Amino acid sequence: QRENRMSDAPVAQSRRPQDSAFKQQRLKAWQPILTPRWVIGTFFVVAIAFIPIGALVLKASNEIQEYTVPYEDCVPEVGTNQCSNIKITLEEDWEPPIYVYYQLKNFYQNHRRYVQSRSDVQLRGSFSSEDEIQTADDADSALKECQPALKSSGFSFPGIPSKDLYWYPCGLVALSWFNDTFVLSQKPSGGGESEIPIQSKTGIAWPSDIDKKFNYMSDKWMANNCARIGTFDGQDNEITGYREDILSGPGRIPGNPQKGVYNCWHNVSDEKFIVWMRTAGLPDFKKLWGKIDVKLTKGDYYLDINNRFPVKNFDGKKAFVLSTTRWIGGKNDFLGIAYIVVGCLCLLMGAIFLIKHLVSPRRLGDVNYLVWKP
């Protein structure tokens, strides 16, 4: 009986690691001995590789044409947001494609609270089905990530009491969308100008974002769930990104003020909006606004800006940027300079160690350099 009781007792599990090469740290390893020849040779190899690479990168960057027009201080025409006839002088011909960017400074898109205020399920279109008519409780439950920019109060419609509407799209990132627009012409405004075509509706956002992350809800869902569609006053509807037939004409979607709980102020599949929603990691950044596919010849051009986006309240700056590209991308001298500086430092260190080794060599493993304690 005693033997049976002993056999039934739980066996203590050993905490000793298994006797394997990995767990007992017996794996084969290579531990290089850094002899003077190896160290000096490595410095020179890095220098020989980095300096030409840096020179090529810097040369490619210098070949990129770029023109920047700061305009945060432009004075709009009376009663409008329009800054007209800003002169741009190109000193040489520019070959297409030419990219149009807007540049912001001191705008912290990487702020934690700002980045979190968005609803990816809403942007993907997976927060509701096509036939569903959502209620305020549905919106509260599905879009809580958008706080503190989830909804706005005080919307009035004829014959209907004032009500709260949920933003579609919602969140701080979406509602701070960059909404300035640009027109580039060969002649001043009012002088029979010849406008340069800027392709800004397609081809500027990442294909993966367009296909998987930003999906337009159907016209049927919009008609059932949007209390209002477009801008508040019906002006500047072209910047909302919606198809023209949705906002005007016989096929216009009037919205559903009675049952709709959303203020559908912008099309989430608009590519300029998609570019903005990919937040920048630094406070100074450029984002792609459009592309010019025609050659710009040497001479004067005129820029008209609808200056809607405010920057004074956060001491920011903004600019219109024209740029070409090369195999390294956009203009960036830092990468080439960094390669050259690292290469030169390695060359200098290699030369110092080589001179030291030739003038006063040290025998490897010399016990005379050991310090023995008594």
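Two strands count as paired if DSSP finds at least two bridges between them, and strands (E, at least two residues) and helices (H or I, at least four) are DSSP runs numbered from the N terminus. The model is predicted, so that local features need pLDDT of at least 70 and side-chain atom pairs count only at pLDDT 80 or more, whereas totals for chains, interfaces and linings use all residues. Residues are numbered from 1 along each chain as its sequence is written, and side-chain values use heavy atoms, with hydrogens and water left out.

**Exercise 1.** Determine how strand β5 is joined to strand β8, and place both in their sheet.

*Solution.* Begin with the pair itself: β5 (residues 160-168) and β8 (residues 262-264) run parallel and are joined by three bridges. Next, take a single bridge, in which Tyr 168 has Cys 264 of β8 as its partner. Then widen the view to the open sheet, where four strands with mixed pairing follow the order β4-β5-β8-β7. Its edge strands, each pairing on one side only, are β4 (151-157) and β7 (226-229).

**Exercise 2.** Describe the surroundings of Asp 333, starting from the helix in which Asp 333 lies.

*Solution.* First, locate Asp 333 in helix α11, which spans residues 333-359. Second, classify its exposure: Asp 333 counts as partly exposed because its relative accessibility is 29%, the class lying between buried (under 20%) and exposed (over 50%), with a 1.4 Å probe and protein chains only. Third, list its contacts (heavy atoms within 4.5 Å): leaving aside residues up to four places away in sequence, Asp 333 touches Leu 58, Ser 61 and Asn 62. Finally, compare sequence with space: Gly 54 is 279 residues from Asp 333 in sequence, yet their C-alpha atoms are 9.5 Å apart.
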